[in-house]
Amino acid sequence: MDSDSDIKTTPRGFQCVLCNVSLPNKPSVDQHLKGRKHQTLNNVRASRKTHEQCSVFVSGIKPEVSQTDLTDYFQQFGPVSDVILDKDKGVYAIVQFSETASIQAALSCVEHKLKGLKLRVKPREKKEFKMIPKKKDSQNLFDRLKPELIQLLSVNAQMQYIVERFQLGENEKKARGLLVQLLQEVFVEFFPESQILPFGSSVNSFGLHACDLDLFLDLENTKVFQACAKSSSEQAAEGMSDDGCSEDSILSDIDLTTASPAEVLGLVAAILRRCVPSVHKVQVVSSARLPVVKFQHRKLNLQGDITINNRLAVRNTRFLQLCSGMEERLRPLVYTIRYWAKQKQLAGNPSGAGPLLNNYALSLLIIFFLQKCEPPVLLTVDQLKDLACEEEECVIEGWNCTFPSQPIAVPPSRNTQDLCTLLAGFFSFYAKFDFASSVISLREGRALPITDFLCQNKGDKAVQDEEPAKPHHIGPKLGPLNVLDPFELSHNVAGNLNERSQQCFQKECQEAEKYCRSFQYQHRSTKGKSWGLVRLFTPHGEVPNSKTEQLTISIPFKSALLPEVLRNQLHVAGDGFRLLWFQKVCSAVEEVFQSVLHCHLAATTDAVFGKGTGADVAGEMETSTSLNTSANDTCDSVESPQESSPLGAVAVGTKRLLSSGSDTEVSPQTKKPRMSKRGTNRIWVQNHMVWAGRRKVRRVLVKESDSRPEGSCVALESQVTAHIIEKEPELKHPLEFKVQPQLMGGTESTKAVFKLEPRSDNAGVFHDFFHFLDAFLPKMVETVLQADAGSS
């Protein structure tokens, strides 16, 4: 079978040469061979091979020779199934016969003449089938941008060029405006007094070439119209409204006040299909958070969405327009950072849903940074609300959406930093931001402590003042990165991100911050080499990471995965929640080592962190030199990246001083100590290789009736360890290793870091043990926390 020859053995597993995919083990190989990608490529290869065996290569033709001419000529040698002409020059063709015998007949002919041309016919060359990956459009675009950016004189000029290169052109804006006008004329015929309102990238001043056209179909006035028409028997009899609009077709078949969104969107889709020219691929997506009708416009090569219940999005668009009008530096920052995020694969979900940042969330992160500059570049939403006049008051679905309608009503910023400095400041700001314990609020212009949102019944405390008319609003969906919508305070606009996406974003910000301190960031190369934004935009490619291996295991603070009991405890703890969470994690780690992996403490260990010693742990951490304040003051260090200038004393293009090496690390941005609290070091002893063969033992114990993943059950994992200890011999030389727990936070995401160090490893098994723990320990700690919460 061809599939068997496609799989090659490598030092790290297996490689499918057909699909160019690396596979770690035999089950993965079997699954891959049955997958759609491999099956599709295998069928294409088989089809191509069949075509090669039944076709000949014909040269010596000219462009005026048509496909029909070649078909008619070669029919004399046998049935012709297809003729493929050279698309570019038309000087050669491939003639495919239905039977292999026809090839021999064509090749045996001494001379071939067609329209006075002498044709040369020979067997088709046999070529090995290879999948040629398409070159990404983004890479092609960057290749064209690169020489233009290198020639510019400053980073500020490069950022302005990015805006000019990516922004919507005037012709595009006019075409979209005409389409909106056409849709308005069509829909008002079926839904009298309705309105089509564009929102999103097309009109918020941050639009890109070929961005989607987002539309809101406002049917509020239509509902009033329908109610009035029904209450008037005279109008109902005549079937006509006062303004002459007929309601016979659609409004007579549906009651807009009681119809479901899916029913209304079904009618909208029918209108698009039947009444709007050049519109095709109309589809109702009712499973989205806000159901929409998707469509494409053939002539404009444009994709669009229509929604009927997204009035807040229209208001968000007006807010972004206001911010852009207030501050001219915002647009270059947004365009530059969006393109950087796309190049680093941090933003731009292809299908609209995915774990990456969306453009709206990224724009809000930029605005929040500008609110935190010193002096501020942009005002908070609450400050804008105070500047609005009485006529500009706006409440939508219970949310206060008030702000001035014109930028002239907002006083100009006193901040005079240039674009180059602000861009470097953005990366520095989020490189040290504690995402895990913060909820970003543009309304208040500060990071709210996540403990305000941990309790299910109190999680919406921060939003109750804004929507007294809607007391049923619940708190936002918490995740690794939390950014509250400026108006809909129960919506986390970055709620789709997973842990990996958040970590990648912060890591890329850290890398960008380092680059912005380098000489190449601001100084133009006289030799035409990459500098400024060019190096910032350069994708990572396939260059392997040369970072040395660190024998540390990180357990991040994941509020969304915490059990309800622990969430309530952390909520009550307030500013000191990190110490409580760290104590719980240390207790769980001890239980994993002691009860699950059957390790025991070395005789040299003085005390044990964990259950029964929480007071000692907390006391030791509070008196640690890592902080010069009490536990109640930890909130100051958490807020330090936000409450002070994001730029501080670090000059762009200069390197900051190295830290002294102590636990008290001073952030160059804030001049405040970095939160770094240490627990008590422990030395553990392991006498057996309890990490070897666990999966096989687990399958035997559960007899393949339990599909739970590794680390999901404390009792089961303890049984697996006991079985291995019973069946396998002891290590000749026990493994001793030191565990150093440390709580990190303040200027980075809150996490518990456990540094492992071998003390006695004569058997040479420590690294295998560590790699096992790297995946096993975080899962087991989560399981233990859940179990402890359930038993309390």
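A search of the whole structure, which is a predicted model, finds 35 aromatic pairs, where rings of Phe, Tyr and Trp (its six-membered ring) pair if their centres lie within 6.5 Å, and where planes under 30 degrees apart count as stacked, over 60 as edge-to-face and the rest as tilted. Phe-369 and Phe-429 form one such pair, a tilted one, with 5.8 Å centre to centre and 50° between the planes. Because Phe-369 lies in helix H14 (residues 359-372) and Phe-429 in helix H16, this pair ties together parts that are 60 residues apart in sequence; helices (H or I, at least four residues) and strands (E, at least two) are DSSP runs, numbered from the N terminus. Both Phe-369 and Phe-429 are buried, a word that stands for under 20% relative accessible area, with exposed meaning over 50% and partly exposed in between (1.4 Å probe, protein chains only). Ring pairs also link a cluster that includes Trp-340, Phe-369, Phe-429, Tyr-430 and Phe-505.

Residues are numbered from 1 along each chain as its sequence is written, and side-chain values use heavy atoms, with hydrogens and water left out. In this predicted model, local features need pLDDT of at least 70 and side-chain atom pairs count only at pLDDT 80 or more, whereas totals for chains, interfaces and linings use all residues.

The largest nonpolar core has 81 residues, and those with the most contacts inside it are Trp-340, Leu-370, Tyr-430 and Phe-505; such a core is a set of buried Ala, Val, Leu, Ile, Met, Phe, Trp, Tyr and Cys residues joined through side-chain atoms within 4.5 Å. Helix H16 (residues 419-431) gives the most to this core, with ten residues. A second, separate core of 51 residues includes Leu-478, Leu-570, Cys-586 and Val-589.

Thr-451 has its place in the loop between strand E17 (446-449) and strand E18 (483-484), and it counts as buried because its relative accessibility is 3%. Leaving aside neighbours within four places in sequence, Thr-451 is in contact (heavy atoms within 4.5 Å) with Leu-570, His-571, Gly-574 and Phe-577.

In two places a charged end sits over a ring, meaning that NZ of Lys or CZ of Arg is within 6 Å of the ring centre and within 35 degrees of the ring normal.

| Charged residue | Ring | Distance from ring centre |
|---|---|---|
| Lys-26 | Phe-14 | 5.8 Å |
| Arg-315 | Phe-403 | 4.0 Å |

The mean pLDDT (the predictor's confidence in each residue, from 0 to 100) of the protein chain is 81, and 80% of its residues reach 70 or more. Over residues 240-248 the pLDDT is below 50.
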